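Please look over the chain shown below, with its confidence values in mind. The report that follows takes up one residue, then the nonpolar cores, then the confidence of the model.

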Amino acid sequence: MSFAINGAHFKGVSALGSSQPEAGYYEVTGLQVEQKAGDKADARRFHVELPNGFKMFEFLHLPVEGLPEKSFKGRLGALKTILSSFGFSVEEIENNEINDAWFVTTTNGGRKAYVEFVPGQQGVQGSYAKINKFLTKEQYEKAKASGVVPSARVEGGASRASAPPTIGAIPAAPSAAVGAPVQSVAPAPAGGLRLPPPPAVSVVR
């Protein structure tokens with residue numbers, strides 16, 4: 001007897017045997033941006049896939065109304081860093097409406113991002129795989145050439161073996177105050193991205 005499985009169920013699921021890679025610098029594929037029940041209203045899960053098939057997510061925190069100016073600009077800066085990692089220019093970012101399609105490789109013209117990755121320690125409670133930071137392609141190439149192996153970080157620059165579950169394959173604890181879904185920085189335009197696609201590549205929503 002035949003069967004059918006909705007392919008959407010496979011998103012964010014690593015193939016068996018796709019264990020977390022060693023600490024290092026990697027090109028990653030943007031898979032999807034989603035909000036699950038229990039997530040904070042201004043948070044989205046950004047799923048990525050590393051070259052060996054290992055999948056994980058980190059939370060994107062949206063710049064919503066009512067935030068202090070410093071927090072608002074900080075969140076914009078974090079999103080701009082990821083967009084720059086995907087290869088978007090300052091002009092493209094600042095002169096268009098940004099939506100989740102820009103973070104997904106299948107809808108952003110095939111662009112991929114670059115990260116500094118540190119695996120969690122197996123068997124150590126509270127140790128999670130994490131992305132230390134997103135890099136531009138130039139930064140990625142220099143980091144790879146340096147031969148330096150990244151380590152987990154805490155505020156102030158010290159290293160540690162474990163990290164809180166803000167980044168990784170472990171969902172955050174549900175928020176006690178979940179409001180109505182919050183729109184991202186700008187709604188997706190009806191006709192798709194307001195950004196010319198690379199030559200011979202169509203961008204769709």
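Does Val 118 count as buried or exposed, and at what relative accessibility?

## Val 118 and its surroundings

In this predicted model, Val 118 has a relative accessibility of 8%, and because buried means under 20%, the residue counts as buried. Val 118 belongs to strand 4, which covers residues 113–118.

Once neighbours within four places in sequence are set aside, the contacts of Val 118 are Ala 23, Tyr 128, Ala 129, Lys 130, Asn 132, Pro 150, Ser 151 and Ala 152. With Ala 23 the separation in sequence is 95 residues, whereas the C-alpha atoms of the two residues lie 4.4 Å apart.

## The nonpolar cores

The largest nonpolar core has 25 residues, and those touching the most other members are Phe 46, Leu 50, Met 56, Phe 103 and Phe 117. Two or more residues of this core come from each of strand 1, strand 2 (43–49), strand 3 (55–61), helix 1 (69–85), strand 4 and strand 5 (130–135). Another core, of five residues, lies apart from it and includes Tyr 25, Tyr 114, Tyr 140 and Ala 143.

Beyond four places in sequence, Phe 103 is in contact with Gly 30, Val 33, Phe 46, Leu 60, Leu 79, Ile 82, Leu 83, Phe 86, Ile 98 and Asn 108.

## Confidence of the model

The protein chain has a mean pLDDT of 77, with 66% of its residues at 70 or more. Among its elements, strand 1 (residues 24–34) has the highest mean pLDDT, 98, and strand 6 (residues 167–168) the lowest, 36. Over residues 154–205 the pLDDT stays under 50, although the model has 95 contacts beyond four places in sequence for these residues.

Technical notes: Residues numbered from 1 in each chain as written. Predicted model: local features only at pLDDT ≥ 70, side-chain atom pairs only at ≥ 80, totals over all residues. Heavy atoms only, no water. pLDDT = per-residue confidence, 0-100. Helix = DSSP H or I, 4+ residues; strand = E, 2+ residues; numbered from the N terminus. Contact = heavy atoms within 4.5 Å. Buried < 20%, exposed > 50% of the residue type's maximum accessible area, 1.4 Å probe, protein only. Core = buried A, V, L, I, M, F, W, Y, C linked by side-chain atoms within 4.5 Å.
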